[in-house]
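Please open the model in your viewer and keep the selection panel at hand. The tour below goes stop by stop, saying what to select and what is to be found there.

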Amino acid sequence: MMQKRKLGTTEVSPLGIGAMSFGPFYGPTTQDESFGVLDAAVELGVTHIDTSNVYAGGKSEETIGAYLAANPWAKDHFVIATKGGITKDADGNRCYRNDLDHLEAELNGSLKRLGVDCVEVYYVHRRQADMPIEDAAEALQALVAKGKCKSIGFSEIAPSSLRRAAAAAPIAAVQSEYSLSTRAPELGLLQATKELGAALVAFSPVGR
């Protein structure tokens, strides 16, 4: 039997699916190929899917939603996490927004594309530099109160930022690149997540 790891309010398989690959980030792909990955995950007992509203402009979430629509039982198998906070300004330049109005609007879009009422974890994908992280954590926690996500997290933050966020709201998970070639989390983030009881979700574990 596969081991489990705590993520938010539930447990997931130690290995998960990073669904950025459901768009053309690593090269051309098709929905059938993505469905094949999900079918294989079910066979192997993999339960954790991580995606984002910006992966292929929402296509990643749409692909997962299409799979769940075609296989309704899979909603009970997979534990889904998604992210928001990366957007564009009036000039079309990439920027970050962590305010409640923006995060809620983005999460509403994600839920629609995924075809679910709630996700397990909703992450701030990137921090808004001019906004206190405590305010961002409180905005995320408001979405838990509204029943749109069960728990919250941040992607790529420093240990000191994590501690500040955790003082404002319970942080279930932190994402960070962590692989054989990228060891930065060992310089303090691993220790902070353990101290605070947050899961460390390692992305690109085989170096992309």
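What follows is a walk through a predicted model, beginning with the sheet and ending with two backbone positions.

**The sheet**

Begin by selecting the strands β3, β4, β5, β8, β9, β10 and β11, and follow them in that order, since this is how the seven strands are arranged in an open sheet with parallel pairing. At the edges stand β3, residues 16-18, and β11, residues 199-203, and because each has a single partner strand, one side of each is left without a neighbour in the sheet. If you look along the sheet from strand to strand, neighbouring strands are turned against each other by 25° on average, with direction ignored.

**The pair β10 and β11**

Next, restrict the selection to residues 173-177, which make up strand β10, together with β11; these two pair in the parallel sense over five bridges. Within this pair, show the residue Ser 176, which stands opposite Ala 202 in β11.

Stay on β10 and pick Ala 173, which lies in this strand. Is Ala 173 buried or exposed? With a relative accessible area of 0%, Ala 173 falls under the 20% cut-off and is buried. To see what surrounds Ala 173, display Leu 7, Tyr 123, Ile 152, Gly 153, Phe 154, Ala 198, Ala 199 and Val 201, which Ala 173 touches when residues up to four places away in sequence are not counted. A distance label drawn from the C-alpha of Ala 173 to the C-alpha of Ala 137 should read 12 Å, for a pair that is 36 residues apart in sequence.

**Helices α6 and α7**

Now move to helix α6, residues 159-168, and helix α7, residues 189-196, whose axes come within 9 Å and cross at roughly 20°. An angle under 35 degrees counts as roughly parallel, and α6 and α7 are therefore roughly parallel to each other. Their crossing is right-handed. For the contact itself, show the side chains of Pro 159, Leu 162, Arg 163 and Ala 166 in α6, which meet Leu 189, Ala 192, Thr 193, Glu 195 and Leu 196 in α7. Coloured by class, this contact of α6 with α7 has six nonpolar, one polar and two charged residues.

**Helices α2 and α4**

The next selection is α2, residues 59-70, with helix α4, residues 100-114, and here the axes are 7 Å apart and the packing angle is about 40°. How are α2 and α4 oriented to each other? They are oblique to each other. Glu 61, Glu 62, Ile 64, Gly 65 and Leu 68 in α2 meet Ser 110, Arg 113 and Leu 114 in α4, and by class this contact has three nonpolar, two polar and three charged residues.

**Two residues with positive phi**

Finally, select Ala 56, in the loop between β4, residues 48-50, and α2. The phi of Ala 56 is near 55°, a positive value in a residue other than glycine, and at 37% relative accessibility Ala 56 counts as partly exposed. Then turn to Ser 204, in the segment after β11, where phi is again positive, at about 50°, although Ser 204 is not a glycine. At 13% relative accessibility, Ser 204 counts as buried, whereas Ala 56 counts as partly exposed.

How values were computed: Residues are numbered from 1 along each chain as its sequence is written. This is a predicted model: local features need pLDDT of at least 70, side-chain atom pairs count only at pLDDT 80 or more; totals for chains, interfaces and linings use all residues. Side-chain values use heavy atoms; hydrogens and water are left out. Axes are lines fitted to C-alpha atoms, for helices over the stretch in contact, and angles run from 0 to 180 degrees between N-to-C directions. Helices (H or I, at least four residues) and strands (E, at least two) are DSSP runs, numbered from the N terminus. Angles under 35 degrees count as roughly parallel, over 145 as roughly antiparallel, 65 to 115 as roughly perpendicular and the rest as oblique. A crossing is left-handed if the near helix is turned anticlockwise from the far one by less than a right angle, and right-handed if clockwise. Contact means heavy atoms within 4.5 Å. Ala, Val, Leu, Ile, Met, Phe, Trp, Tyr, Cys and Pro count as nonpolar, Asp, Glu, Lys and Arg as charged, and the others, Gly among them, as polar. Two strands pair if DSSP finds at least two bridges between them. Buried means under 20% relative accessible area, exposed over 50%, partly exposed in between (1.4 Å probe, protein chains only).
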